[in-house]
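Take a look at the protein shown below. This report walks through its strands, a helix and a pocket.

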Amino acid sequence: MANAKKVAVILIGLFVALLLIAFFVGSAINLLVPPSEAVYSDKIVEDIGGDNALVATLKGCAEVGRTDIPDGNFKTNLNQNLCWKNAKNISYVDTEGNKGYIIVWKDLSENYPAISSKYKTEYISDYVDSMNGTCFLVNFKGTDVVYGIIIAGDDIECSESKLMYTILDLNRSEFTQTYSTTSYSYPSSYGGGSSHYHTVVPDRYTLSRTDPGAYYDHYEYGDNYDIDDYLESEGYD
């Protein structure tokens with residue numbers, strides 16, 4: 001009887017040990033082997049300046065890695081030459097396994113004269129010319145710092161509105177899109193019903209991909225050479 005109890009204790013001990021080993025091995029694999037795709041419950045929350053002034057939230061995304069990166073420069077579609085300093089690069093995957101990354105930083109506003117102001121909130125919202133990305137930089141009223149974020153990736157496209165209102169959760173009445181316009185009617189690319197629909201034109205990057213005909217109806221050729229080159233490659237002129 002005593003031997004049976006000893007055997008039972010040993011078996012229970014082995015079972016617990018195996019559970020612990022499986023837990024630690026699984027944790028090590030998660031740390032050493034990046035996830036190939038995210039699940040819908042995954043979320044990345046990044047407090048850009050560490051002071052809760054501007055927070056980026058990417059839902060349905062799993063962080064793959066992060067690293068400090070050297071100071072760098074970039075150019076926007078509106079020909080603004082900007083920079084990031086003391087920045088972090090955070091790479092991630094979404095639920096479809098697409099890979100992207102965000103660059104986030106906080107810097108002195110004196111390095112960004114276009115939006116440097118202590119008396120009112122100034123910001124830049126634009127697409128990045130040198131990468132498939134979208135950027136947002138802001139100098140909040142009464143501060144002498146700028147918060148910046150770039151979201152980019154060959155597999156992931158992020159519209160201006162998504163970055164501002166979904167990822168950064170900014171107030172639409174306080175922060176309007178650089179590329180937003182007033183209501184405008186243009187031919188629908190979908191069949192059935194009325195031949196026209198009335199809506200707010202999305203940012204030009206999104207419009208060029210969802211309704212190229214409407215893009216050329218609304219914008220002049222040469223407004224944005226990157227978009228023009230893309231549309232020409234798709235057979236539009």
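Helices (H or I, at least four residues) and strands (E, at least two) are DSSP runs, numbered from the N terminus. This is a predicted model: local features need pLDDT of at least 70, side-chain atom pairs count only at pLDDT 80 or more, and totals for chains, interfaces and linings use all residues. Residues are numbered from 1 along each chain as its sequence is written, and side-chain values use heavy atoms, with hydrogens and water left out.

## The chain as a whole

The protein chain has five helices and 12 strands. Buried means under 20% relative accessible area, exposed over 50%, and partly exposed in between (1.4 Å probe, protein chains only). Of the 237 residues in the protein chain, 37% are buried. Contact means heavy atoms within 4.5 Å. Take the contacts between residues at least 6 apart in sequence: 48% of them join residues at least 24 apart.

## Residues with positive phi

Most residues other than glycine have a negative phi. Here are some residues with a positive phi.

| Residue | Phi | Place |
|---|---|---|
| N52 | about 65° | loop between β1 (43-47) and β2 |
| N79 | near 65° | hairpin of β4 and β5 |
| N86 | near 50° | loop between β5 (81-84) and β6 |
| D169 | near 55° | follows α2 |

Are N52 and N86 buried or exposed? N52 is exposed, with a relative accessible area of 59%. N86 is exposed too, at 64% relative accessibility.

## Two strand pairs

Two strands pair if DSSP finds at least two bridges between them. β1 and β2 run antiparallel and are joined by five bridges. In this pair, V45 has T57 of β2 as its bridge partner. β1 also has two faces. I44 and E46 form the covered face, while K43, V45 and D47 form the uncovered one.

β4 and β5 are antiparallel as well, with four bridges between them. Here F74 stands opposite L82 in β5. The hairpin of β4 and β5 has five residues between the strands.

In a regular strand the side chains alternate between the two faces of the sheet. Strand β4 (residues 72-75) shows this alternation. G72 and F74 point to one face and are buried. N73 and K75 point to the other face and are not buried.

## The six-stranded sheet

What is the order of the strands in the open sheet of six? The order is β3-β6-β7-β10-β9-β8, and the pairing is antiparallel. β3 (61-69) and β8 stand at the edges, each with a single partner strand, so one side of each has no neighbour in the sheet. From one strand to the next, the twist averages 15°.

Now look at one edge. Eight bridges join β3 to β6, and the two run antiparallel. E63 stands opposite Y92 in β6.

I69 also lies in strand β3. Its C-alpha atom is 5.8 Å from that of A87, and the two residues are 18 residues apart along the chain. Leave aside neighbours within four places in sequence, and I69 is in contact with W84, A87, N89 and I103.

## Helix α2

Helix α2 lies across β8, β9 and β10. It runs at about 50° to β9. Axes are lines fitted to C-alpha atoms, for helices over the stretch in contact, and angles run from 0 to 180 degrees between N-to-C directions.

Which residues of α2 are buried? They are E160, L163, M164, Y165 and I167. The buried residues of α2 pack against β2, β8 (122-128), β9 (133-139) and β10 (145-152).

## The largest pocket

On a 1 Å grid over the protein atoms alone, a cavity is a set of points where a 1.4 Å probe fits but cannot get out; a pocket is an open set with protein on both sides within 12 Å along at least five of seven lines, and lining residues have an atom within 4 Å of a point. Grid points are joined across faces, edges and corners, and a volume is the space filled by probe spheres set on the points.

The largest pocket has a volume of about 220 Å³. It is lined by 13 residues, and L58, K59, C61, K162 and I167 are the closest to its centre. β2 (55-59), β6 (87-94) and α2 (160-167) each supply at least two residues of the lining.
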